[in-house]
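Hi,

Here is the model I said I'd pass on. Have a look at it before you read my notes underneath.

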Amino acid sequence: MDKNVQTKLIIVIILAIFILLGLLYMFIDSKISDNPKPTPTMEPTIEPTIIPTEEPEPTPTIEVIVDIDSDNSINKLANKEKLISDTYVPELVQVEGTDKKLRPEAADAYLEMVEAAKNENINIILISGYRSYSEQRSLWYTYEEKYGRKYANRMDATPGASEHQLGLAVDLGGADGKCKLYECFENTSTGKWLFENAYKYGYILRYPKGKESVTGIMYSPWHYRYIGKEEAQKVFDSNLTLEEFYQDK
Ligand SMILES: [Zn+2]
């Protein structure tokens, strides 16, 4: 055979091997295409691509940032429908200058708020802080005996529904004692200051005026609840109750 023809033949054979290998590769590739890997650029497969029925679950885009369910969360939503466990006791510290206890975060924020108010000649008094489940229960029964069940229910949260058990609620008054735990507290300088400023320290007015049908508790201008500064700002701006804000009602 001519040497030239022989060389050409070898080249043709090598090319044919390459083409065969290429075809084989494409064939294998199309068979394992169920296992998605970076799509090759030359895609046009004649066969319809089978979409895997079980697609990888998309990671949720809306992350639940605020936990309103755990007793230990500072954003725990507690009311007559969402009770706190009767055995729950938070970590507590004694609030400086008082004989009351609160959760450390709430205590720090409270003291910061008291200091800021003092600079504006407002003297806040802590009437009530943490109450254990049993303290709340006996207090509630005292109210019931004194005012009847219906009124006791409006006045104060039933055992297990009180934010005082979370160590995150405070009942506040003025140093002058004016309208202590009465609705008229809203008109005192302390009441007004709290209404306008408490949210800056993470505290919100928990039982606002005209919202008893939502919160289940009558308007209590002295009762504030710590939920953290960021959330308090949002709730304050929204003009909603915690129930409405977290769309639980
Ligand atoms: Zn209270």
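Below are my notes on confidence, one helix, the core and a loop.

This is a predicted model, so to speak of local features I need pLDDT of at least 70, and side-chain atom pairs count only at pLDDT 80 or more, while totals for chains, interfaces and linings use all residues. Residues are numbered from 1 along each chain as its sequence is written.

Confidence first: mean pLDDT (the predictor's confidence in each residue, from 0 to 100) is 86, and 80% of residues reach 70 or more. Over residues 36-40 pLDDT stays under 50, and the model has zero contacts there beyond four places in sequence. A contact means C-beta atoms, placed from the backbone, within 7 Å.

Now α2, residues 104-118. Helices are DSSP runs of H or I, at least four residues, and strands are runs of E, at least two, numbered from the N terminus. The buried residues of α2 are Ala106, Ala107, Ala109, Tyr110, Met113, Val114 and Ala117. They cover an arc of only 165 degrees around the axis, which puts them on the same side of α2. The arc is taken from the directions from the helix axis to the C-beta atoms. Buried means 20 or more other C-beta atoms within 10 Å, exposed 12 or fewer, partly exposed in between.

The largest nonpolar core (buried Ala, Val, Leu, Ile, Met, Phe, Trp, Tyr and Cys joined through C-beta atoms within 7 Å) has 39 residues. α2 gives the most to this core, with seven residues.

Lastly, Cys179 sits in the loop between β4 and α5, with a positive phi near 55 degrees.

Cheers

Key: The expected span of a helix is 1.5 Å times one less than its number of residues. Two residues are in contact if their C-beta atoms, placed from the backbone, lie within 7 Å.
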